[in-house]
Amino acid sequence: MSALENAEPPRDTATTTAERILPQDWRHVAARVPRAQASEAITVRRQEESDGRAWRDFLASSSNGTLFHSLDFLAYHSRGRFEVHHLMFERPGKLLALLPAAIVSEPRGRVLKSAYGGSIGGFVLPPQLNAATTLRLVGALQRHVSTAGLAGVEMRLGPALYDTFPNDQLSFALMASGFTLACRWLTHVISLPASPQDVASQLVTKRRRNYIRRALEQGLDVATVGSEYLPAFYRILVHNRAKHGARPTHSLGDLQRIFDLTPDRVRLFACNWRDEMIAGALVLELNPRVAYLFYLCHDDRFAALRAATVVTLRVAQHYSGRGVRYLDMGPTTFDDLRMNEGLARFKEEMGAIGFCRDTWRWESSAR
């Protein structure tokens, strides 16, 4: 077994009819769907400050909830930036689902968005929710939006593998209820082996392993570090993005607030060479199954050392050793569907394969 493959991870400082519903035939089809009995009726209400504990408890026990659905995480947005409109879905005596959301003004009108200013949103659901109830949840949301006089709903869902029991019930329920698939982003995900020692040998291509081996021979070292290293990391990130004419989505202050609000769910990995940080990764621990490589960057002055490759390996080894099943490396395409082939190739050579992050949209006028 090579030194690379045995390398240590970083140090840790009722029946329901369901069919596709198009805008023009919604009323006709809806008339054929049996009404829920009183015991099955779902009510929708705004989340209040006193609901914080109930929200957190439900999220912790949910099947598909992530850090992006957490009230603590969402609090990093400055007060007043968004018209927050979080929703709780209930049956008598039972909390059934959550929806973190905000009302956003668009040319088409005021729209309920989930996520807002974040990567993914959508319903937070309990384990093994049945298909009929999922359909009724979507219907309850549509009624709430119509009653509130909003123009529609938009929600972006994470890949099905974020769920404890991966399934496509919610996507089906959205389409069956008149939502349209507005956009698909391709996101590359690494399925992690059970042992950190297997990450390189089972996932990484020979070419990338050679890069890593040479970098380690040069003395590159990766460790998890505290938020005091954020300024150094952010400088590299800004310079890295600037060569593409872009800036990071988040400010340094945003990242610091995320650290402060959710310190147990954020990790910063620093790659050092000769006592200087030359690359890094900021990772969000979305739930017990999924870690999300939120930002990855390297100092272009040291491009020949392939530090980003080393950091990615160490991140994968770190989470493999802690029982995490998936490392989401983030989007490779965006709204225009144009693929960055170089970025896709890098991720695939690290063992990642593509999954979809879908945006669903519904116009209330369709009803």
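This report describes a predicted model of one protein chain, moving from its overall make-up to its cores, one of its helices, several buried residues and its cysteines.

## The chain as a whole

The chain contains 11 helices and 15 strands, and of its 367 residues 53% are buried. The surface that the chain exposes comes to about 17200 Å², and carbon and sulfur atoms supply 49% of that area.

## Nonpolar cores

In soluble globular proteins, nonpolar side chains tend to be buried together. In this model the largest nonpolar core has 36 residues, and L220 and V311 are the residues with the most contacts inside it. The elements that give two or more residues to this core include the helices α6 (199-203) and α7 (206-217), the strands β11, β12 (276-287) and β13 (290-298), and also α10 (307-320) and β14 (326-331). Of the contributing elements, α10 gives the most, with eight residues.

The surroundings of V311 can be listed residue by residue: once residues up to four places away in sequence are set aside, V311 touches V222, F269, C271, A279, G280, A281 and L296. Apart from this largest core lies another core, which has 34 residues and counts F68, M277, Y292 and Y326 among them.

## Helix α2 and its two sides

Helix α2 covers residues 52-61, and within it G52, W55, F58 and L59 are buried. When the helix is seen down its axis, these buried residues fall within an arc of 135 degrees, so they line one face of α2. The face turned away from this buried side carries R53 and A60, which are exposed.

Which elements help to cover the buried residues of α2? The cover includes α3 (71-74), together with the strands β4 (87-91) and β5 (94-99).

## Buried residues with polar side-chain contacts

Q142 has its place in helix α4, which spans residues 131-147, and with a relative accessibility of 0% Q142 counts as buried. The side chain of Q142 reaches the backbone oxygen of S177 at 2.7 Å.

T262 lies in the loop between α9 (252-261) and β11 (266-273), and because its relative accessibility is 6%, below the 20% limit for a buried residue, T262 counts as buried. Its side chain reaches the backbone oxygen of I258 at 2.8 Å, and, leaving aside neighbours within four places in sequence, T262 is in contact with L67, D72 and F73.

R156 is found in strand β8 (residues 152-157), and with a relative accessible area of 18% R156 is buried. The side chain of R156 reaches the backbone oxygen of S119 at 3.0 Å. Not counting residues up to four places away in sequence, R156 touches a set of residues including S114, A115, G118, S119, I120, G121 and G122, and the set also takes in W185, R357, D358 and T359. Although R156 and W185 are 29 residues apart in sequence, their C-alpha atoms are 9.8 Å apart in space.

## Tyr234 in helix α8

Y234 lies in helix α8, which runs over residues 230-242, and its relative accessibility of 11% means that Y234 counts as buried. If neighbours within four places in sequence are left aside, Y234 is in contact with R247, P248, H250, S251, L252 and L255. The C-alpha atoms of Y234 and G280 are separated by 9.2 Å, while the two residues stand 46 residues apart along the chain. G280 has already appeared above, as one of the residues that V311 touches.

## Cysteines without disulfides

How many disulfides does a search of the whole structure find? The search finds zero disulfides. C356, accordingly, is in no disulfide, and the nearest cysteine sulfur, that of C183, is 9.7 Å away.

Are C271 and C356 buried or partly exposed? C271 counts as buried, because its relative accessibility is 0%, whereas C356 counts as partly exposed, because its relative accessibility is 28%. C271 is also one of the residues that V311 touches.

Conventions:
Residues numbered from 1 in each chain as written. Predicted model: local features only at pLDDT ≥ 70, side-chain atom pairs only at ≥ 80, totals over all residues. Heavy atoms only, no water. Buried < 20%, exposed > 50% of the residue type's maximum accessible area, 1.4 Å probe, protein only. Helix = DSSP H or I, 4+ residues; strand = E, 2+ residues; numbered from the N terminus. Arc of directions from axis to C-beta. Contact = heavy atoms within 4.5 Å. Disulfide = S-S within 2.5 Å. Areas by Shrake-Rupley, 256 points an atom, 1.4 Å probe, with all protein chains shown as cover. Polar contact = N/O pair within 3.5 Å; in protein donor to acceptor, adjacent residues only side chain to side chain. Core = buried A, V, L, I, M, F, W, Y, C linked by side-chain atoms within 4.5 Å.
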